[in-house]
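User: Hello! I would like a close look at one part of this model, followed outwards into its surroundings.

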Amino acid sequence: MRASFHPRIRAFLRQYPAGRTTAQLSSLTGLTSDAVRKALEKMPDAYISGWIQSYKTPPSAIWAVVIPPANAPKPKYGREASS
């Protein structure tokens, strides 16, 4: 069975909160652009945050990942609440 590229791609996207294109992620990870694109499409926490368009080229999606927030603190009960 082949290992998933999701953790590697996710790690790079968490370093770049503004996001990266598939070409940029390909350069960073050493994977092909096609492999990066296919992985991103299957990642539930990845989304397109914007687009870049240059003269005479099709638009490129800027991909980012959702960084989950920390869990809420446990409420205080009894004696803990009064202190």
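Which residue in S2 stands opposite Gly 50?

Analyst: Happy to start there: Gly 50 has Ile 62 of S2 opposite it. A word on the ground rules before we move outwards. This is a predicted model, in which local features need pLDDT of at least 70 and side-chain atom pairs count only at pLDDT 80 or more, while totals for chains, interfaces and linings use all residues. Residues are numbered from 1 along each chain as its sequence is written, and side-chain values use heavy atoms, with hydrogens and water left out.

The pairing itself is antiparallel, with six bridges joining strand S1 (residues 46-52) to S2; two strands pair if DSSP finds at least two bridges between them. Helices (H or I, at least four residues) and strands (E, at least two) are DSSP runs numbered from the N terminus. Between S1 and S2 is a loop that holds Lys 56. The phi of Lys 56 is near 65°, a positive value in a residue other than glycine. For context, most residues other than glycine have a negative phi. Lys 56 counts as exposed because its relative accessibility is 71%; the classes are buried under 20% relative accessible area, exposed over 50% and partly exposed in between (1.4 Å probe, protein chains only). S2 shows the opposite: five of its six residues are buried, so the strand is largely enclosed by the rest of the structure.

What does S2 share with its surroundings? A nonpolar core is a set of buried Ala, Val, Leu, Ile, Met, Phe, Trp, Tyr and Cys residues joined through side-chain atoms within 4.5 Å. The largest one here has 14 residues, and those with the most contacts inside it include Ile 9, Leu 13, Leu 25 and Val 36. Two or more residues come from each of helix H1 (6-15), helix H3 (33-42) and strand S2 (60-65). H3 gives the largest share, four residues. Contact means heavy atoms within 4.5 Å, and beyond four places in sequence Ile 9 touches Leu 25, Thr 29, Leu 31, Val 36, Ala 39, Leu 40 and Met 43.

The helices can be read in this light. H1 buries His 6, Ile 9, Arg 10, Phe 12 and Leu 13. These residues cover an arc of only 165° around the axis, which puts them on the same side of H1; the arc is that of the directions from the helix axis to the C-beta atoms. Turned away from that buried side is a face with the exposed residues Pro 7 and Gln 15. The cover over the buried residues of H1 includes helix H2 (22-29), H3 and S2, which brings us back to the strand you asked about. H2 in turn buries Leu 25, Ser 26 and Thr 29. Their arc is only 105° around the axis, which puts them on the same side of H2. H1 and H3 are among the parts that cover them. After H2 comes Gly 30, whose phi is positive, near 80°.

Charged side chains add further links. A salt bridge is a side-chain nitrogen of Lys or Arg within 4 Å of a carboxyl oxygen of Asp or Glu, and by this rule there are four. One of them joins Asp 45 and Arg 10 at 2.6 Å, N to O. Asp 45 lies in the loop between H3 and S1 and Arg 10 in helix H1, so the pair ties together parts that are 35 residues apart in sequence. Asp 45 and Arg 10 are both buried. H3 has pairs of its own: Lys 38 with Asp 34, closest N and O atoms 3.3 Å apart, and Arg 37 with Glu 41, also given as 3.3 Å, N to O. Lys 38 and Asp 34 are four residues apart in the helix, so about one helical turn separates them. Arg 37 and Glu 41 are likewise four residues apart in H3. Salt bridges with shared partners join Asp 34, Arg 37, Lys 38 and Glu 41 into one network. Glu 41 is exposed, with a relative accessible area of 51%, whereas Arg 37 is partly exposed at 33%.

Stepping back, the protein chain has four helices and two strands, in the order α-α-α-β-β-α from the N terminus. Buried residues make up 29% of its 83 residues.
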